[in-house]
Amino acid sequence: MSHSTPTDYDALVIGAGFSGLAMLHHLREAGLKTHVIDGADGIGGTWWINRYPGVRTDSEYSYYSFSFSQAVREEWVWKQRYPSGEEVLAYLNFVADHLDLRNDIELNTFVERAVYRETENLWEVSYRDGRTVSTRFLISGMGVLSQPVFPAITGLDSFAGEKYHAARWPREGVDFSGKRVGIIGLGASGIQIVPVVAPQAKEFVVFQRTPNYIVETSNDAVTADQMQHLRDNYDAIFEKAARHPFAVAMEPAEYSALEVSAEERQRIFESKWNEGGFHFANECFTDLASDPEASELAAEFIRGKIRETVQDPETAELLCPKTYSFNGKRVPTGHNYYSTFNLDTVRLVDTLATPITEITERGVVVDGTEYELDVLIFATGFDAMTGTLTAIDIVGRDGRTLSEKWADEGLKSNLGISVHGFPNFFMSLGVQTPYANLVVPIQMGAQWLQSFLMWAKESGIDRLEATPESEETWRDETERAAKATVMYEEGKKAGAWFMGDNIPGKREEVNVYMGGHGTYQDFCRAEAEAGYPTFQFQTSPVSA
Ligand code: NAP
């Protein structure tokens, strides 16, 4: 039997969101002494942090939950088709209670540095409060969109009014009544804030750089029959989502947008628009994410909807994206976004043609006009995929950080799970993992790692690491897959976070796997069935 130096934990997981909870449950089941830490003062990860007005899922309740716990499946009751942030947070707390996870979760605990000690084969993890712990396996469950960014606009700090970032919203909420409010940033976060906050404000100014294609939806209450249907079909629904390219439990489309008549195309677009949200992107046609011509047809359909909805033609035209086609950015689900621009108190300022030049003590300056504001909201996104992993020091073999490795070599990983030079370090939703409804890959990733670590234990192996060759193979596959989609070229035009293009100075490269969630899971399954050939292993010497 091998004996490495004893550690405080077998597995330490950073992050107590969906990833951390799934990891804790599955690694405990594998017999590992597992501990989860989170810098926040509540569990929930992204759903703890994002508490801005209007926050809710863009995925429907039926495929936005774990399938692995019978007890949770039987007892949890969803209320809304698109659950609010508060509802998802309640779900995660319910999961933590029902799976008895809380006693292994430590909150208000922020990791500053984690160093791999080769001789002892352990990770030494330093917390901000000065404590240091050791663990055999270190797992990131820090999320892919967790490192918020403010824009580099001159004078940002000089604004004298109230200033909020969507991902740093005050828990006590914000009173907008009688106030002049401005918003910068109209991705999936900003477009949820606009319809909720605008009616509360005296004046509401939307500073728009790149418009989005937003698919509107209604948000009905979930009925008892719908909940029963979900319970009766949970595994089938989860499996359907797992096989879907974007991990949503939806029917695959049958036809290319280019092979049907214009009338038929319009009829299909219309019917899926009426179903709302992700139904439009996923169920209309087979090629809205793969063929530029098809993507442009969807783009034009949505422009038509914007022109129909927004009464002022000039505002409608500004809201129509024209510099990239449909799917070039992650398509958000809207809840009366476009109709909000019909309110007399709402004003749209185009900052694409004439960028914001300055933020002053009083407000925002565009084209020589100073828009005076009491409150300024930033929904300006995240240093996606890599931001959290490079914000702290994760130091692998030879003293090299993850940040240095990726800066030198570009993004590299094996299946988005493991990185060469960082033995026994694993990522839930790492770089180059699927661009999808993330709850599904989170669950499946935790189950995959559970099997891998159990296999290693049974094989007497205690040091696992991606081979250098595996990283080249996975990068090639990630690039190949992305280039077969419209997201690659259109994403670059649109400055999409999944291409690294939303952060000035960040390397432009494919950050996510776009070959489809089902295909990604096939790779993971094949890897396990073949005995993990793309990993290298070591067994610690037998102690005397
Ligand atoms: P985002 O999609 O990256 O959007 C950031 C916004 O800020 C963009 O409109 C961007 O404009 C604007 N911006 C950034 N810097 C700017 C500058 N210097 N001047 C003017 N505008 C600037 O960020 P996000 O909305 O937070 O969403 C990120 C991702 O999180 C989403 O794609 C989604 O995957 C996830 N998310 C999901 C949900 C949900 O499921 N309900 C909700 C929120 C977020 P440009 O486009 O011109 O750069």
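**Entry 1: the second largest cavity**

I began with the second largest cavity, whose lining consists of Ser140, Met142, Gly143, Val144, Met385, Thr388, Leu389, Met427, Ser428, Leu429 and Gly430. I note here that the model is a predicted one. The space in this cavity comes to about 40 Å³. I sorted its lining residues by type and got six nonpolar, five polar and no charged.

**Entry 2: the largest cavity**

How many cavities of 30 Å³ or more does the whole structure hold? My search of the whole structure gave two. For the largest cavity I wrote down a volume of about 150 Å³. It has 18 lining residues, and those closest to its centre are Ile417, Met427, Pro441, Gly445 and Tyr520. Met427 was already in my notes, as one of the residues that line the second largest cavity.

Which element gives the most to the lining of the largest cavity? I found that α15 does, with five residues. At least two lining residues each come from β18 (425–427), α15 (439–458) and α18 (517–529). By type, I noted 12 nonpolar residues, six polar and no charged in this lining.

**Entry 3: aromatic pairs**

I then turned to the rings and recorded 46 aromatic pairs in the structure. One that I looked up is Tyr213 with Tyr324: the ring centres are 5.3 Å apart and the planes stand at 80°. Planes over 60 degrees apart count as edge-to-face, so this pair is edge-to-face.

Why does this pair tie together parts that are 111 residues apart in sequence? Tyr213 is in the loop between β9 (203–208) and β10 (215–216), whereas Tyr324 is in the loop between α11 (313–319) and β11 (333–334), so the contact joins those two loops. I marked both Tyr213 and Tyr324 as buried.

I also looked at Tyr337 and Tyr338, whose ring centres lie 5.2 Å apart with planes at 70°, so this pair is edge-to-face. Are these two tyrosines, Tyr337 and Tyr338, buried or exposed? Buried means under 20% relative accessible area. Tyr337 has a relative accessible area of 2%, so I entered Tyr337 as buried. Tyr338 has a value of 2%, so I entered Tyr338 as buried.

**Entry 4: a cluster, and charges over rings**

I listed one aromatic cluster, formed by Phe18, Trp47, Tyr64, Phe66, Phe68, Trp76, Trp78, Tyr91 and Phe94.

Last, I looked up charged ends that sit over rings. Arg51 has its charged end over the ring of Trp48, 4.7 Å from the ring centre. Arg128 has its charged end over the ring of Phe110, 3.9 Å from the ring centre.

Notes
Residues are numbered from 1 along each chain as its sequence is written. This is a predicted model: local features need pLDDT of at least 70, side-chain atom pairs count only at pLDDT 80 or more; totals for chains, interfaces and linings use all residues. Side-chain values use heavy atoms; hydrogens and water are left out. On a 1 Å grid over the protein atoms alone, a cavity is a set of points where a 1.4 Å probe fits but cannot get out, and a pocket is an open set with protein on both sides within 12 Å along at least five of seven lines; lining residues have an atom within 4 Å of a point. Grid points are joined across faces, edges and corners, and a volume is the space filled by probe spheres set on the points. Helices (H or I, at least four residues) and strands (E, at least two) are DSSP runs, numbered from the N terminus. Ala, Val, Leu, Ile, Met, Phe, Trp, Tyr, Cys and Pro count as nonpolar, Asp, Glu, Lys and Arg as charged, and the others, Gly among them, as polar. Rings of Phe, Tyr and Trp (its six-membered ring) pair if their centres lie within 6.5 Å; planes under 30 degrees apart count as stacked, over 60 as edge-to-face and the rest as tilted. Buried means under 20% relative accessible area, exposed over 50%, partly exposed in between (1.4 Å probe, protein chains only). A charge sits over a ring if NZ of Lys or CZ of Arg is within 6 Å of the ring centre and within 35 degrees of the ring normal.
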